[in-house]
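Have a look at this one with me. We'll go from a pocket to the whole chain, and then to one residue and one helix.

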Amino acid sequence: NDGMAAEYEAFRTIAQGLTPPLLAIPGNHDDRAAFRAGVGLMLAVAPQDPAPEAPCDWQAQIGGLTLFGLDTSVPHAPHGALAPAQLAWLDGALGAGSGPVIVFTHHPPFDTGITHMDRSRLGEGEALLTLLARHERVQLVASGHVHRLIEARCRPPAVIAPAPAHAVWLETARDGPPAYAFEPGAVLLHRWDAARAMLVTQLSPIAVPDGPHLFPLPPPPGGIPPG
């Protein structure tokens, strides 16, 4: 939450047992240099630019998917931004490859209707969506920051994931006060169905569920045998 070395160390301790490769991008509470030092050793791919203060952008191949992580963080500020060099790198990499793509950003590239959060969205959101619309291989733009599940049916489609922590209060009144609530934490799980060339996304609560409880088996054809 504060970009402190002890916080990253706590994260590394928790995440050491993860089996899937770890891919992460900074958010507005992160410190880039501390993020690289604290999380960088665990990342499955190295950022494009090794400089400590450079954006932590990366490209990764997971199965049949190509994933791009864009660092939209602005040091010591809540809003998001993308430099022209970041957009140019993404455009070139998308044009040079093939196959389905998901692009990850912390700050969403669209307005949500929650005024105080829209003030701190990605400033170059329209430029990013315009760029991605030129590349039909992009299946989704996945973001965070707003701590609420919100979808935008644009091209490409865009989605904001919920959070494992608090949720931003759903305040649709113009200039409503910033607020939060302790709603059930959740994450999004994305699955690429290669046979159907389809991206399937589901909401997964992080609370330990009461289950699984097996459904009762249907009776055999002809009904239940006597005895």
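A pocket here is an open set of points on a 1 Å grid over the protein atoms alone, with protein on both sides within 12 Å along at least five of seven lines, and its lining residues have an atom within 4 Å of a point. Points are joined across faces, edges and corners, and a volume is the space filled by probe spheres set on them. This is a predicted model, where local features need pLDDT of at least 70, side-chain atom pairs count only at pLDDT 80 or more, and totals for chains, interfaces and linings use all residues. Numbering runs from 1 along each chain as its sequence is written, and side-chain values use heavy atoms, without hydrogens or water.

On to the second largest pocket, then: it holds about 210 Å³ of space. It has 15 lining residues, and L140, E151, P157, V159 and T201 sit closest to the centre. Strands β6 (138-143), β7 (150-152), β8 (158-160), β11 (186-193) and β12 (198-205) each give two or more residues to that lining; β12 gives the largest share, with four. Helices (H or I, at least four residues) and strands (E, at least two) are DSSP runs numbered from the N terminus.

Zooming out, the protein chain has five helices and 12 strands. Here are some chain-wide values, with contact meaning heavy atoms within 4.5 Å, buried meaning under 20% relative accessible area with a 1.4 Å probe, protein chains only, and areas coming from the Shrake-Rupley method with a 1.4 Å probe.

| Protein chain | Value |
|---|---|
| C-alpha box along the principal axes | roughly 75 × 45 × 40 Å |
| Buried share of the 227 residues | 40% |
| Contacts 24 or more positions apart, among those with a separation of 6 or more | 53% |
| Exposed area | about 13200 Å² |
| Carbon and sulfur share of the exposed area | 61% |

Now for a single residue: is G80, in strand β4 (residues 77-80), buried or exposed? G80 counts as buried because its relative accessible area is 2%. Leaving out residues up to four places away in sequence, G80 touches T72, V74, H107, S120, R121, L122, G123 and E124. P209, by contrast, is 129 residues from G80 in sequence and 35 Å from it in space, C-alpha to C-alpha.

Helix α2 (residues 32-39) is mostly covered, with six of its eight residues buried. Those are R32, A34, F35, R36, G38 and V39, and they pack against α1 (5-15) and β3 (73-74).

How values were computed: Buried < 20%, exposed > 50% of the residue type's maximum accessible area, 1.4 Å probe, protein only. 1 Å grid on protein atoms, 1.4 Å probe; cavity = no way out; pocket = protein on both sides within 12 Å on 5 of 7 lines; lining within 4 Å.
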